[in-house]
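Me: I would like to go through the ligand site with you. Could you tell me what each term rests on as we go?

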Amino acid sequence: MLHCLVSASGTVPKAMSKPATGNFDRGPVIPTTPLVTFLEHVQETALATFGQKDFDPKLYVDLSLKSNLSTTVTAFHKLPRNATGSVSIPDFKEFMHEYFDGAGNDLVYAEPPDFVPEPDGFLPKVKNPQVRAWALEVHALWKNLSRRVSCSVSERPEFHTLLPLPGPVVIPGSRFREVYYWDSYWVIRGLLASKMYKTAKAIVTNLIYLIDTYGYVLNGARAYYTNRSQPPLLSAMVYDIYNRTGDLDLVKKALPALLKEHQFWNSGIHKVNVQDNRGRNHTLSRYYAMWNKPRPESSTTDKVHASKLLNASEKEQFYRELASVAESGWDFSTRWMRNTSDFTTLAITSILPVDLNIFILKMELDIVSMAQIVGDNKTVESFLKSAQARKEAIDSVFWNEENGQWLDYWISNGTGSQECQRWKASNQNNNAFASNFVPIWIDLFNSDTCIVEKVRKSFQSSGLLGAAGIATSLTRSEEQWDFPNGWAPLQHMIVEGLGKSGSQEAKSMAQDIAMRWINTNYVAYKETGAMHEKYNVEKCGDIGGGGEYIPQTGFGWSNGVVLAFLEEFGWPADLKIGCNGVLL
Ligand SMILES: OC[C@H]1O[C@H](O[C@H]2O[C@H](CO)[C@@H](O)[C@H](O)[C@H]2O)[C@H](O)[C@@H](O)[C@@H]1O
């Protein structure tokens, strides 16, 4: 098959049409705020002063000011330093105490209005008392994770990197003190199981507000996340809430925002046109952050990686790749590296990712359903066409009949390339990733018995299924979105897709994976007293590791997926919970 990669050019949406900085124009850059830039300097001094041990760079860009910026900057420059840029620990601590409010102080605890300790009709299929008691503890964690932005933020926004939001949110937990885009989908799935519809709707209202303000949903609600989005799942949130609550107003409010979001992912740098040898043009999307400097929340770390690169142009491009990987939610993974043992070869902007395009196809189909609900026939017609076109693109670019998987596709040229290329099978990434099975999540694929059987067999022999769930990849890289880590969202999409299919074998497989996942979450919870951000799928009860920050607890999407699984599959009274069926 001959594919022709046509330019990924196009107009940058108005909300983000800022000139690129520097001499190496590889796309737009959204300028950051003076406060973020200053806090990066504070972060650097903190590292020089305290050293690497227990250092979390994000902490420093989450601080808020006590006085205005210029007074604080002046005091910062007056601090006596030695040659390495460090300050004496007592001087630095005093400066921090005098000029900054602690990270997270501007996001205050908010009692969820719809929380009750045991909701009516909670997890009716969970019969085992021990599992029920644990599920109620997980349900109670929503109270710990519920926040609202303090009034001080809207009073003095220039003192904060936290962005103002109209309503309460649920945060992932620990260092993730703000609301995150794609995490919110699984938080909402859990809230629906917890019958907390108001809380779920408030999250969606905030995300719609972000679209109204910025033109897209930000990675998270912080000033340093304005240059990128995250996997687009707002339509799925709205659609699932509507299906539970029948809230027509929510659909009416969401629809215009979703049309805007669709435009964001299908224009400018995110859009790539591929033409095949039969002259068919396919349009697909990719991740592409509007940033080409170190990520402020990981600035000191990014600079160390970039120091291995020789010139300024390579560094700029590497920084853009880092931020674009953060947009994918899979930060970081060998999935995005040209050379899996060299982190500086991250090249996500040259990849058409399977899962992103599935999320956008789902967005298109959800828009069709919602437009039908509100009687907007023009939108129904136009989005049916978009969905049809993307389905054809997915079939022809990603599907690999031999593997029975959808594979990411490497494009060899970056932004602005006009060059036609011959489609090669070798441009499909043949490595096994959990994302290769994400298409099965959506009804368009899980209702096709033939596809389901092929995919089920392929999944069974892929090596991804471990004792405690689905591994992210098969590569042991020390990156957190790789082997042996398993992540709640990936378990959920694959399990839900297999479970919805008409195949009995696929349904049993879904139940089996869900039980492995529930067991590991349960045992880790009993051992550590917490729900974790990620787990090690090699061993039941083990938590995940690797990556650029220490393992986090809380944890929004893990709680959501456990509750959603328990709602769907239940737990029989006589079935033991724990590793190898051993009761703790
Ligand atoms: O601080 C480093 C990075 O942290 C975030 O990514 C990770 O946590 C998110 C919240 O749970 C999650 O959505 C993401 O999938 C994780 O990899 C953040 O989203 C990144 O932008 C940030 O650079």
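**The ligand and its cavity**

Reply: Happily! A polar side-chain atom of Asp 331 lies 2.3 Å from an oxygen atom of the ligand. This is a predicted model, where local features need pLDDT of at least 70 and side-chain atom pairs pLDDT 80 or more, while totals for chains, interfaces and linings use all residues. Residues are numbered from 1 along each chain as its sequence is written, and side-chain values use heavy atoms, without hydrogens and water.

Me: What makes the pair of Gln 230 and the ligand a polar contact?

Reply: A polar contact is a pair of N or O atoms within 3.5 Å; within protein, one must be able to donate a hydrogen and the other to accept it, and residues adjacent in sequence count only if both atoms are side-chain atoms. A polar side-chain atom of Gln 230 lies 2.9 Å from a ligand oxygen atom, so the pair qualifies. For Arg 228 the distance to a ligand oxygen atom is 3.0 Å, so that pair qualifies too.

Me: How do you know that the ligand lies between two domains?

Reply: Domain 2 (108-264) and domain 3 (434-583) both give residues to the shell around the ligand, so the ligand lies between them. The domain bounds come from an automatic or database domain assignment.

Me: Why are seven residues of the shell around the ligand called charged?

Reply: Asp, Glu, Lys and Arg count as charged, Ala, Val, Leu, Ile, Met, Phe, Trp, Tyr, Cys and Pro as nonpolar, and the others, Gly among them, as polar. By that rule, the shell has seven charged, nine nonpolar and five polar residues.
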